[in-house]
Amino acid sequence: MPDKNYIAFQCEECSTIFVMPKEDVDHDDNYLTCPKHGRHHQIKVINAHDDLCHCMEHARYKRNQHGAIEQDG
């Protein structure tokens, strides 16, 4: 595992990207599954960062005038 606080993973079967804190990732990657489809076990590390904002640059969100969260861009 990379020596950073947040690790971004990508499911190789459905291309879902998700981020987990380093302390929540078990040392054995065989138990990682896709959060969208729990049966997908083909997970790869795509990047790792100390800052969550940099780790999630691909998915920016903002609040609209009613307070609901929407994807930006």
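## A walk through the strands and core

Among contacts in the protein between residues at least 6 apart in sequence, 44% join residues at least 24 apart, where contact means heavy atoms within 4.5 Å. Before we go further, please keep in mind that this is a predicted model, in which local features need pLDDT of at least 70, side-chain atom pairs count only at pLDDT 80 or more, and totals for chains, interfaces and linings use all residues. Residues are numbered from 1 along each chain as its sequence is written, and side-chain values use heavy atoms, with hydrogens and water left out.

Let us begin with confidence. The mean pLDDT of the protein is 79, and 78% of the residues score at least 70; pLDDT is the predictor's confidence in each residue, from 0 to 100. Among the elements, β1 has the highest mean, 88, while helix α1 (residues 52-55) has the lowest, 72.

Now for the layout. The protein has one helix and five strands, arranged from the N terminus as β-β-β-α-β-β. These elements are DSSP runs numbered from the N terminus: helices are H or I with at least four residues, strands are E with at least two. Three of the strands form an open sheet in the order β2-β1-β3, with antiparallel pairing; two strands pair if DSSP finds at least two bridges between them. At the edges lie β2 (17-21) and β3, each pairing on one side only. From one strand to the next, the twist averages 30 degrees, using axes that are lines fitted to C-alpha atoms (for helices over the stretch in contact) and angles that run from 0 to 180 degrees between N-to-C directions. Between β1 and β3 there are six bridges, and one of the residues to look for is C11, whose bridge partner in β3 is I43.

Both C11 and I43 also appear in the largest nonpolar core, whose nine residues are I7, F9, C11, F18, V25, L32, C34, I43 and A48. Such a core is a set of buried Ala, Val, Leu, Ile, Met, Phe, Trp, Tyr and Cys residues joined through side-chain atoms within 4.5 Å. Two elements, β1 and β3 (43-49), give two or more residues to this core, and β1 gives the most, with three. Of the 73 residues in the protein, 21% count as buried; the term means under 20% relative accessible area, with exposed over 50% and partly exposed in between (1.4 Å probe, protein chains only).

A few residues are worth a visit. Not counting residues up to four places away in sequence, C34 touches C11, C14, T16, F18, H40 and I43. T16 sits in the loop between β1 and β2 and is buried, at a relative accessible area of 15%. Beyond its neighbours within four places in sequence, T16 contacts F9, Q10, C11, C34 and K36. Q10 belongs to strand β1 (residues 6-11) and is likewise buried, with a relative accessible area of 19%. Setting aside neighbours within four places in sequence, Q10 is in contact with S15, T16, I17, Q42, I43, K44 and I46.

Finally, turn to K4, in the segment before β1. Is K4 buried or partly exposed? K4 counts as partly exposed because its relative accessibility is 33%. Its C-alpha atom is separated by 5.3 Å from that of H49, 45 residues apart along the chain. Outside its neighbours within four places in sequence, K4 contacts K22, A48, H49 and D50.
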